[in-house]
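The exercises below ask the reader to work through a predicted model step by step. Please keep the sequence and the coordinates at hand while reading.

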Amino acid sequence: MKIKEVRELETKDLAERLEAEVAKYNQMKINHAVTPLENPSQIKAARRDIARMKTELRQRELNK
């Protein structure tokens, strides 16, 4: 997910999307520990997407 896409989402939608991505990331880590993923760079990409979303939420919180 690009930063442009993150900025277009409303705060409520962004928070919901963040929760879903964190759950997906945790599940990927568990699955990878049991049987290696075909593309382990997905974990890195998911972690960065989560960071982008958290950063945008924090910026919105500070700008209120």
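**Exercise 1. A charged residue and its partner**

Does E21 count as buried or exposed, and at what relative accessibility? Then establish with which residue E21 forms a salt bridge.

*Solution.* Begin with the accessible area: E21 has a relative accessibility of 12%, and because buried means under 20%, E21 counts as buried. Next, turn to the partner, which is R17, with the closest N and O atoms of the salt bridge 3.9 Å apart; the criterion for such a bridge is a distance within 4 Å. R17, in contrast to the buried E21, is partly exposed, with a relative accessible area of 36%. Finally, consider the sequence positions: E21 and R17 are four residues apart in helix 2, and are therefore separated by about one helical turn. The general background is that an α-helix has 3.6 residues a turn, so residues three or four places apart point the same way.

**Exercise 2. The span and the buried residues of helix 2**

Work out what the 24 residues of helix 2 should span at 1.5 Å a residue, and set the result beside the distance between the end C-alpha atoms.

*Solution.* The expected span is 1.5 Å times one less than the number of residues, which for helix 2 gives 34 Å. The end C-alpha atoms of helix 2 are 35 Å apart, which agrees with that expectation. Having checked the length, list the buried residues of this helix, which are L14, L18, E21, Y25 and M28, and note that they pack against helix 1 (residues 3-8) and helix 3. As one example, L18 is in contact with I50, M53, K54 and L57, once its neighbours within four places in sequence are left aside. A second example is L14, which counts as buried at 0% relative accessibility and, with residues up to four places away again not counted, touches V6, L9, M53, E56, L57 and R60.

**Exercise 3. The largest nonpolar core**

Identify the residues that make up the largest nonpolar core, and decide which helix gives the most to it.

*Solution.* The core has 10 residues in all, namely V6, L14, L18, Y25, M28, I43, A46, I50, M53 and L57. Helix 2 (11-34) and helix 3 each supply at least two of these residues, and helix 3 gives the most, with five. As general background, nonpolar side chains tend to be buried together in soluble globular proteins.

**Exercise 4. The surroundings of R60**

Where does R60 lie, which residues does R60 touch, and with which side chain does R60 meet in a salt bridge?

*Solution.* First, R60 is placed in helix 3, which comprises residues 41-62. With a relative accessible area of 17%, R60 falls under the 20% cut-off and is therefore buried. Second, when residues up to four places away in sequence are not counted, R60 touches V6, R7, L9, E10, T11 and L14; with T11, one of these, the side chain of R60 makes a polar contact of 3.3 Å. Third, the side chains of R60 and E56 meet in a salt bridge of 3.1 Å, N to O. R60 and E56 both lie in helix 3, four residues apart, which is about one turn of the helix, and both are buried.

Helix 3 offers another pair for comparison: R58 forms a salt bridge with E61, whose closest N and O atoms are 2.6 Å apart. R58 and E61 are three residues apart in helix 3 and so are separated by about one helical turn, while R58 is partly exposed, with a relative accessible area of 43%. Salt bridges that share partners join R7, E56 and R60 into one network, and the structure holds five salt bridges.

**Exercise 5. The chain as a whole**

Describe the protein chain by its helices and strands, its extent and its contacts.

*Solution.* The chain has three helices and zero strands, and reads as α-α-α along the sequence. Its C-alpha atoms fill a box of roughly 45 × 15 × 15 Å along the principal axes. Among contacts with a separation of 6 or more, 67% are between residues 24 or more positions apart. Such a separation in sequence does not by itself imply a contact, however: L14 and E38 are 24 residues apart in sequence and 28 Å apart in space, C-alpha to C-alpha. Lastly, 22% of the 64 residues count as buried, and the chain exposes about 5,100 Å², of which carbon and sulfur atoms supply 50%.

Methods: Residues numbered from 1 in each chain as written. Predicted model: local features only at pLDDT ≥ 70, side-chain atom pairs only at ≥ 80, totals over all residues. Heavy atoms only, no water. Helix = DSSP H or I, 4+ residues; strand = E, 2+ residues; numbered from the N terminus. Buried < 20%, exposed > 50% of the residue type's maximum accessible area, 1.4 Å probe, protein only. Polar contact = N/O pair within 3.5 Å; in protein donor to acceptor, adjacent residues only side chain to side chain. Contact = heavy atoms within 4.5 Å. Core = buried A, V, L, I, M, F, W, Y, C linked by side-chain atoms within 4.5 Å. Areas by Shrake-Rupley, 256 points an atom, 1.4 Å probe, with all protein chains shown as cover.
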